[in-house]
Structure formats: structure tokens, C-alpha cells
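Here's a quick briefing to read alongside the structure. Have the viewer open and follow along.

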Amino acid sequence: MVQNTLFMIKPDATGDNHIGEILLMVEKNGFVIENMKIFKMDHALVDNFYVEHVGKGFYPEHSEFMRSGKIVGVILSREDAVLKLRELVGATDFTQASLGTVRSIFGRSKGENAVHASDSIESAEREIGLIFK
């Protein structure tokens, strides 16, 4: 079944000028870009987007990081988009990501891991609604 999912290129990767390389990887893996925008997150958007993490020890640093620069938000589509994008992105900790995944190539640390990919159809719908109002 064709699905939509949310993909974001985070401030570390946009700041290092990897937008084109990352989008090329995504397209070469069968994803279609349905919509895209470049934006910066503010406190409210970060808190709404990462609501399940607010209050956790790592969250203040993560919030600051997500507000530190440009983000590219992308709605992608393809068969089994959520699962296939998660496979392409790789593990959250780039040192544990399979070789050839986005995070294995562009990640710097567990927190600065280049990209975000929705983890379920429900999350994708919620996140797309937040980023593409």
C-alpha cells in the first residue's frame, strides 16, 4: 500500500550542506517527494513534535539542537513508506546504523544523527500535520 511519511533533515546535516546528497539517497530508494519546505523550529513546535520526550534528561539539549538551524521537512510517498524509510535511515545511534544508511554516512552522534523519520503511520500523520499545517 502506498503511504505518506514525514522525513526531516536536521540542523547538523543542513549546516554541513548535505541536503542534496540525502535527498538523492531517498529518491534513489524509490521515494517520491510530495511536498518539501525549509524552516526553523521554535520552542512550541519542538515541544509539540517531541511531546513524548519533554521532561527527559536529554530533552533540553535535544530541543536546543533542533532549534539551532535550518530543517528540511519532506513528505515522502511509496509502498510501505514508513518501514522502508526507517530501514534507509538506520539506527538512532549512527555507530550502530547499518553501513550505507543515511545515519551511518551523515550522523555525528546519537543526538546529532542527521535525519528524522516517522516511526509509524499514526506518527507520520501527526507529524505531517504539525510541519505542514
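**The fold at a glance**

Going along the sequence, the protein chain reads β-α-α-β-α-α-β-α-α-β-α. Its radius of gyration is 14 Å, close to the 14 Å that the globule rule gives for 133 residues, so the chain is as compact as a globular protein of that length. Bear in mind that this is a predicted model.

**Overall numbers**

- That pattern adds up to 7 helices and 4 strands in the protein chain.
- The C-alpha trace spans about 35 × 30 × 25 Å along its principal axes.
- Out of 133 residues, 46% count as buried.
- If you take contacts between residues at least 6 apart in sequence, 76% of them join residues at least 24 apart.
- About 6900 Å² of the protein chain is exposed, and carbon and sulfur atoms supply 51% of that area.

**Strand E1 and its partners**

- Start with E1 (residues 2–9): 6 of its 8 residues are buried, so the strand is largely enclosed by the rest of the structure.
- E1 runs antiparallel to strand E3 (residues 71–79), and 8 bridges join the two.
- To find that pairing in the viewer, look for Val2, whose bridge partner in E3 is Glu79.
- E1 also pairs with strand E4 (residues 115–117), again in the antiparallel sense, over 3 bridges.
- For this second pairing, pick out Phe7, which has Ala117 as its bridge partner in E4.

**Helix H2**

- Which residues of H2 (residues 19–28) are buried? They are Ile22, Leu23, Met25 and Val26.
- Look down the axis of H2 and these buried residues fall within an arc of 155°, so they line one face of the helix.
- After H2 comes Gly30, with a positive phi near 90°.

**Helix H7**

- The buried residues of H7 (residues 121–131) are Ser123, Ala124, Glu127, Ile128, Leu130 and Ile131.
- Viewed down the axis of H7, they sit within an arc of 160°, so they too line one face of their helix.
- Flip to the other side of H7 and you'll find Glu122 and Glu125, which are exposed.
- What covers the buried residues of H7? The cover includes strands E1, E2 (32–39), E3 and E4, along with helices H3 (43–49) and H5 (81–89).
- E1 therefore turns up twice in this tour: as a largely enclosed strand, and as part of what covers the buried residues of H7.

How values were computed
Residues are numbered from 1 along each chain as its sequence is written. This is a predicted model: local features need pLDDT of at least 70, side-chain atom pairs count only at pLDDT 80 or more; totals for chains, interfaces and linings use all residues. Side-chain values use heavy atoms; hydrogens and water are left out. Buried means under 20% relative accessible area, exposed over 50%, partly exposed in between (1.4 Å probe, protein chains only). The arc is that of the directions from the helix axis to the C-beta atoms. Two strands pair if DSSP finds at least two bridges between them. Contact means heavy atoms within 4.5 Å. The radius of gyration is taken over C-alpha atoms; the globule rule is 2.2 Å times the number of residues to the power 0.38. Accessible areas come from the Shrake-Rupley method with a 1.4 Å probe; for residues, only the protein chains shown count as cover.
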